[in-house]
Each structure stands twice: as structure tokens, then as C-alpha cells.
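This briefing introduces a protein structure to a reader who has not met it before. Please look through the sequence and the model shown here, and then follow the topics in turn.

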Amino acid sequence: MTPRCALRCGTLFDGTGAEPVPNALVIVEGGRIAAAGAADRTPVPSGAAVIDLGHRFVMPGLIDAHSHISIVPGKGDQMGQLRRPPVPQALQAAANLRRDLAAGTTTMRVMAEEHFLDVDVREAIEAGVVEGPRLLCATRGITASNGHGRALSSFDGVDAIRRGVRENFARGADHVKLFATGGVSSTATTLNASGYSRDEIRAAVEEAERAGKYAAAHAHGGPGLRLAVEEGVSTIEHGALATDDEVALMIDRKAWLVCTFSILFHPDGIEKGDASRPAIMEKVRWARGVVEASFPRILGSGVRFAVGTDSMHGLMAYELETLVKLGVSPTRALLAGTRWGAEACRVEREIGTIEPGKRADLIAVDGNPLTDIGAMRRVSYVMKDGVAYDRLAGRTEP
Ligand SMILES: [Zn+2]
């Protein structure tokens, strides 16, 4: 007998694009959505436990489309954190992921870890050993020896890249993460320096596609971003320096932009962790100015976008608030954090909306984020695969 329950919702935002439904019901059976809609048209099956979320806003679980499980940016030296041995990394990951889940993230795409840590943690979550979002894993990042994102592993030349990608897949990776340009949190790279040649990027994309998967590229702008999009990378991560021409190319090739605002703007982000490193802080200040000036235009350009916290655990609300600050409507911000994230991560058949047949991943928020996006900070109920996580540490709910 599969457990059944009925969630009574003050308002239901199902993520399909339909108008929000006041006074709704969601029926969950065997970890999946069985029905969802207006209460007077959605019968409660006999024997179903009724969960009263009647004063709350219910929506699909959040999808953090770019994060790392083991990093805490406020501690500084992110590459150094990745280089630590697997046990401290795993313990930190367990603490981080609990925060993410409590704040409403039910799926997280992991964008590089050493030691194949993300695969082991994914399995521990699935086995119920630790609590956390469902993980989609990159395993080792594919980066050049002098590239951004280099912790322990690096891959130079077409053959090494092919071998690296194949080994990642053999060990359980879901997608490829490659580093096409420099980044903010490293000292030896500039944001628009191109890390890889066209042949190297093509090799990574080809290996991913032959395995039925896809490649994502860390790229801020310039030739590395352009090469990645031209060679078929399907998601561009960060894109802080993307120009109108580069965004037009992304639209043309149907590449997704995965925005990561909190690590750059939040006071607990790079600013806190790397305050004593002038080379990094200079890049932070510069990138902030560029993003503030260009993103209202980029986000209104028609490019498809999703969001990720990039290790700012528990801060998906900040990502969505920033979208709204940059001119995105609250409805579209919620879609970026749910359905569009699922589409960018290619898991939209399973998650991202509250529809019959999908996994029962949903959250309840106190307040209405469509009129006050700040309400996303008040996630007070989290269900993943039909299991409620309402007694997470730090939660005062009875
Ligand atoms: Zn990242």
C-alpha cells in the first residue's frame, strides 16, 4: 500500500504557466502527484492523510541549477576547499545540503567536486543516510591545467578530455561541467580569458552527447563563451560579461543562461571569503557593476534562463529576489527557480511543475511571493518524493 496524502493549499502555483489557484488540493500517492487543482473539483481519496497548508502558498520544489555541495564561499579560497580530503568534504556537504533542503531546494545540479564526492553523497541521500536535495552530478570539472576551477584534476588536450569525461560518466556523472573562461574566485585567471581551444571544447561536448548527456560550461563572456555555444554546450554558467552579440548567439543556439547572483552580490559570498585578496575583490567589484548594468537587458532579451546559488547554501530566495530587482516579473522569477531550472537540467519530465505523474516535490511559503518576492525566504514546508521534511534542524514548527 503506497502512502497517500492530500495537501490543502491556500494558493497553488503549479509552475505550468496556469493562473494560481486559490483554495486548492494536491493529492500525493507513492511519491508522485496523483492530482492537483481547485479543492471543489479534486476529491480526497479515502484514507488519505490531510496536511493543512491552507494559509500558505504552495509551489514546486526549487531547482538550484548550479551549486557545489562541499563549498562554503564565506570561508574563502574555494579551490582550497575543494582540495581537502574526502571526509571533511563529505561532512561539510551534509551540513550544507540540509540547509538547502530546508530552504526549499529539492533538486540541485552539482557543478564540480573532487573525489567523486557528489556521487557518494547522492547515493547517501537516496539511501536515506543524510537529508538533502536530489543531486544531479558533474563529478570532476573539466578544466585546463592553468584554468579556473582547477582544484586537483585537470585535463589538457583532446585525448585527456575524452578520457576524463568518459571516466566521469563511468563513475556516475549525469552531465559534463567544463570551464571555458576564467572566473572571479581565482587569482590567476581573468573573466574573459578562454581556457580551451575549439577542438577541446568540441571533444567534451561530443563525449557527452554520445553518452546521451550534455555539457555545461562555466563562461563569463568573450571567445570562450562563444566557442562553447558554437560547439553545442547547452548551458552557459554565470555569463557575467556576456555582450548583446553573445546573448543573441545563445538565443540562436537555444543555450540556457544559468545566473548565479548571490555569490557575487551577497555579503556572505566571495566578499566575505576573499576580502583579504585584492586581486579577487577587484574582480568582484568590477563584475558587480557590469552585471547590474547589463542583466536587465539580458534577462529581457528572450534568452532562456535558470538560477543557481553556486554554493551559497539556502539562498535560492536571494537568487529569485535578485531576478526581480533586475526587472524580471515575480511569476517569471518563480518559473526560473522551478520549471525552467528543470528544463535547463533536462529533468523536466520528472520535476519542475506540480502535475499528475511528476515526482511529489513541493514547498509551502508563508506569504505570497507573487506580490512580495521576499516571501521566498519563508519556506515553511518541504516535500521531496512525497516525503515531508518539516522537522529539519532549525525549524520551530511543531
Ligand atoms: Zn560554480
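What volume does the second largest cavity have? In this predicted model, the second largest cavity has a volume of about 40 Å³, and a search of the whole structure finds two cavities of 30 Å³ or more. The points that follow describe the cavities, a pocket, the zinc site, a buried strand with its partners, and a residue in a loop.

**Cavities**

- The lining of the second largest cavity is formed by L82, A112, E113, E114, G141, G149 and A151, and by class these residues divide into three nonpolar, two polar and two charged.
- The largest cavity has a volume of about 320 Å³, and of the 27 residues that line it, H148, H218, H238, I263 and D310 are the closest to its centre.
- Several elements contribute to the lining of the largest cavity, with α1 (78-82), β8 (176-179), α8 (262-265) and α10 (278-299) each supplying at least two residues.
- Sorted by class, the lining of the largest cavity consists of 15 nonpolar, 10 polar and two charged residues.

**Second largest pocket**

- The second largest pocket has a volume of about 200 Å³, and its lining includes V72, P73, G74 and K75, together with residues from later in the chain, among them D268, K272, S311, M312, H313 and L315.
- In the lining of this second largest pocket there are four nonpolar, four polar and four charged residues.

**Zinc site**

- The zinc ion has as its protein donors H66 (NE2), H68 (NE2) and D310 (OD), which lie 2.1 to 2.3 Å from the ion, and the spacing of these donor residues in sequence is H-x1-H-x241-D.
- D310, one of the donors of the zinc ion, is also listed among the residues closest to the centre of the largest cavity.
- Both histidine donors fall under the 20% limit for a buried residue, because H66 has a relative accessibility of 1% and H68 has a relative accessibility of 6%.

**Strand β9 and its partners**

- Strand β9 (residues 215-219) is largely enclosed by the rest of the structure, because five of its five residues are buried.
- Burial applies to both faces of β9, with A215, A217 and A219 on one side and A216 and H218 on the other; H218 also appears among the residues closest to the centre of the largest cavity.
- β9 pairs with β8 in the parallel sense over four bridges, in which V176 has A215 of β9 as its bridge partner, and β8, helix α5 (residues 198-210) and β9 together make a right-handed β-α-β unit.
- β9 is also joined by four bridges to strand β10 (residues 235-238), again in a parallel arrangement, and here A217 has I236 of β10 as its bridge partner.
- A right-handed β-α-β unit is likewise made by β9, helix α6 (residues 223-230) and β10.

**A buried loop residue**

- D361 is found in the loop between α13 (339-344) and β13 (362-365), and with a relative accessible area of 4% D361 is buried.
- Although D361 and G61 are 300 residues apart in sequence, their C-alpha atoms are 5.0 Å apart in space.

Conventions
Residues numbered from 1 in each chain as written. Predicted model: local features only at pLDDT ≥ 70, side-chain atom pairs only at ≥ 80, totals over all residues. Heavy atoms only, no water. 1 Å grid on protein atoms, 1.4 Å probe; cavity = no way out; pocket = protein on both sides within 12 Å on 5 of 7 lines; lining within 4 Å. Points joined across faces, edges and corners; volume = space filled by probe spheres on them. Nonpolar A, V, L, I, M, F, W, Y, C, P; charged D, E, K, R; others polar. Donors = N, O, S within 2.8 Å, 3.2 Å for Na, K, Ca; no water. Buried < 20%, exposed > 50% of the residue type's maximum accessible area, 1.4 Å probe, protein only. Pairing = 2+ DSSP bridges. Right-handed = clockwise from strand over helix to strand, strands pointing away.
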